[in-house]
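Work through the exercises below with the structure open. Try each task before reading its solution.

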Amino acid sequence: MIRSVLVANRGEIARRVFRTCRELGIRTVAVYSDADADAPHAREADVAVPLPGNTAAETYLRGDLVIAAAKAAGADAIHPGYGFLSENADFARQVVEAGLTWIGPTPESIEAMGSKIRAKELMAEAGVPILEVDPAAAKPDDFPLLVKASAGGGGRGMRVVESADDLERELAAARSEAESAFGDGTVFVEPYLPTARHVEVQVVADTHGTVWILGDRDCSIQRRHQKVVEEAPAPNLSEATREALHTAARNAAQAVDYVGAGTVEFLVDGDRPFFLEMNTRLQVEHPVTEEVFGVDLVEAQIAVAEGRELGDDPGVPFGHAIEVRLYAEDAADDWSPQTGVLRTFETPDTVRVDSAVESGSVVSHFYDPMIAKVVAYAEDRHQAIRVLDDALRRTRLHGLVTNRDLLRGVLADDEFVAGNVHTALLGERIDDWTAPPLTTEQRDRLVLAAALAQARSVSGRIPTAFRNVPSQPRVRRYTVGGEEVEASYSGSVRGLTSEIAEVVSAEADRVVLAVDGIRETYEVAISDDHVDVDGPHGSLDLAVVPTFVDPADVVAEGSLLAPMPASVVSVAVEAGQQVAKGDTVVVLEAMKMQHTIAAPTDGVVSELAVSAGQQVETGAVLAVINAEGGPA
């Protein structure tokens, strides 16, 4: 019997596993890096053990430290979560050899499916259709191709190659990223099917020969080959295709004597399914399956690890569930990850939220930028879409740029609503999905609410904005998204007034405006340099414009700045070197993804401020390029 579980992970998956453990009466143990010392998962566990260091390589990927932490804390089992060590067969063996219970599949199954190359060979032997191509023999008609990492997933080490001229370069880049993310630079190549669907099947198997097939999920809405929206069941699949997927998944599990929870992933091109990979762990998107089947997959994992039988098959799914991944990233800026303090994170109780954060949490550049999964369940798909969109609209989320507007754009899209999804849909509709959701008038009222709340936050007996001799209105200025905005208002003994809306009431945390007799309520949070506003049409994070600018904040013309906290992977130029527009200057790595900083214009590198291996903060000067004809 398992009495104490260490979760060898962090963030939302650690908290998710802890929740089931508490319900089962199992003591919980967390591990945490220096960067995660104040993270929610470290605080929620019964016991938390530090792993000195910040990066994953120093901490969560150190199996020896994790096992030592389990022994020190008195844990008798380890749950790996997903990512990190979850598909590391050597770690699984070390856990068992240490006398601990491994809550996962056997090391042999992990090895068989952990290498995507070997997994494809096994599936071909089992009669499951696969996709493959030999890059050395690729012909022009074979392109586009997709380069993928053999040892991992999540879009890392993955590159689309449009022509033979790009193949070697993209292979090298994919190997580098795969080595950094998974410690294994092995890659392989397969045909790229841009309009196929990404559909997966959930399996759970015990040691007594029972295999559950818990339906299917569609994960076709992706960015950078990483899933953004997942749902169960997969919409608009023919019954023949659905049955073929389930049969292939069962064959895949039985081919490796699989035990535990796992997912078999497919590309579906028309009605033809092709095996992609088997993930020998719990998936990020497992909640949608739990919702439609009424099961707890973590509880099932623990039962299997204890040697118990799964029991009767849960049957067929009921209703529909949709999950969106909320990322701290700027979709309009090439998906650049965002770091810093999440000042406010509050969600309505109409949805399930598995989160890595809470109000006041710090999102660092050391780990993945996903901050939460928001899941809606309803009796049918249309209602699930409506509930999820409304929950995202009402979520109070301030301090970091996120992909919330993009997610709402997905849920409002006619093709998505109709269930006509494929893996290229996001790329095709990105401009529509990331369009600002606010009209100018709606934004102006949000800014006005911020200004009025700030005015009310000033204490004293003199009425807000009162002037003995009225002259000009009071003006407050802010920046939002790099643009300066302002709001003006006047005050007298009768109260505050504005030309754009009637001021019904104004307090430091709540403002009510009326337009054409319709009242709108705004919730406001004020800090030293920001004002956050949530209204009926959306929200704004407003940075207060200072009266004076510090000269030290001004950087030289032509400076290339770090867009995020990151590590410098490589520097491709030297001081004094001539560069052309688009040439690589510096390559950064943040949140497991590499980001190339290119020359914005032809010119000369007049200053080089960084070197490989250096850590940089947001806004740090990386290099200065003097444009041709500019000052030397």
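The exercises go from the overall fold to single residues, and the model they use is predicted.

**Exercise 1. Overall form**

Task: State how many helices and strands the protein has, and decide how its radius of gyration compares with the globule rule.

Solution:
- Step 1. Count the elements: the protein has 15 helices and 38 strands.
- Step 2. Take the radius of gyration, which is 27 Å. The globule rule gives 26 Å for 632 residues. The two values are close, so the protein is as compact as a globular protein of that length.
- Step 3. Box the C-alpha atoms along the principal axes. They fill roughly 85 × 60 × 55 Å.
- Step 4. Check burial: 52% of the 632 residues count as buried.
- Step 5. Look at contacts between residues at least 6 apart in sequence. Of these, 63% join residues at least 24 apart.

**Exercise 2. Surface and charge**

Task: Find the share of the accessible surface that belongs to carbon and sulfur atoms, then locate the two charge centres relative to each other.

Solution:
- Step 1. The accessible surface comes to about 27,200 Å². Carbon and sulfur atoms hold 48% of that surface.
- Step 2. The protein carries 55 positive and 100 negative charges. Their mean positions lie 5 Å apart.

**Exercise 3. An open sheet**

Task: Give the strand order of the four-stranded open sheet and explain what is left free at its edges.

Solution:
- Step 1. Read the order: β31-β38-β36-β33, with antiparallel pairing.
- Step 2. Find the edges. β31 (559-561) and β33 (578-579) each have a single partner strand, so one side of each lacks a neighbour in the sheet.
- Step 3. Inspect one pair. Strand β36 (residues 603-608) pairs with strand β38 (residues 621-627) over five bridges, in the antiparallel sense.
- Step 4. Pick one bridge: Leu608 is partnered by Ala623 in β38.

**Exercise 4. A helix and its packing**

Task: List the buried residues of helix α5 and the elements they pack against.

Solution:
- Step 1. Helix α5 spans residues 107-114. Its buried residues are Pro107, Ser109, Ile110, Ala112 and Met113.
- Step 2. Those buried residues pack against the helices α4 (89-97), α6 (116-125) and α8 (239-255). They also pack against the strands β5 (101-102) and β13 (272-279).

**Exercise 5. Arg43**

Task: Place Arg43 in its element, classify its exposure and name its contacts.

Solution:
- Step 1. Arg43 sits in helix α2 (residues 40-44).
- Step 2. Its relative accessibility is 47%, so Arg43 counts as partly exposed.
- Step 3. Leave out residues up to four places away in sequence. Arg43 then touches Asp38 and Glu358.
- Step 4. Compare with Tyr32. Arg43 and Tyr32 are 11 residues apart in sequence, and their C-alpha atoms are 9.8 Å apart.

**Exercise 6. Unusual backbone**

Task: Identify the cis bonds before Pro144 and Pro233, and the positive phi values of His225 and Asp334.

Solution:
- Step 1. Recall the background: most residues other than glycine have a negative phi, and most peptide bonds are trans.
- Step 2. Phe143 and Pro144 are joined by a cis bond, with omega about 5°. Pro144 is in the loop between α6 and β6 (145-149).
- Step 3. Ala232 and Pro233 are also joined by a cis bond, with omega about -5°. Pro233 is in the loop between β11 (226-232) and α8.
- Step 4. His225 has phi near 65°. His225 lies between β10 (211-223) and β11, in a loop. At 25% relative accessibility, His225 is partly exposed.
- Step 5. Asp334 has phi near 55°. Its loop lies between β15 (329-330) and β16 (336-337). Asp334 has 54% relative accessibility, so it counts as exposed.

Technical notes
Residues are numbered from 1 along each chain as its sequence is written. This is a predicted model: local features need pLDDT of at least 70, side-chain atom pairs count only at pLDDT 80 or more; totals for chains, interfaces and linings use all residues. Side-chain values use heavy atoms; hydrogens and water are left out. Helices (H or I, at least four residues) and strands (E, at least two) are DSSP runs, numbered from the N terminus. Buried means under 20% relative accessible area, exposed over 50%, partly exposed in between (1.4 Å probe, protein chains only). Contact means heavy atoms within 4.5 Å. The radius of gyration is taken over C-alpha atoms; the globule rule is 2.2 Å times the number of residues to the power 0.38. Accessible areas come from the Shrake-Rupley method with a 1.4 Å probe; for residues, only the protein chains shown count as cover. Lys and Arg count as positive and Asp and Glu as negative; His and the chain ends are not counted. The place of a charge is taken as NZ of Lys, CZ of Arg, CG of Asp or CD of Glu. Two strands pair if DSSP finds at least two bridges between them.
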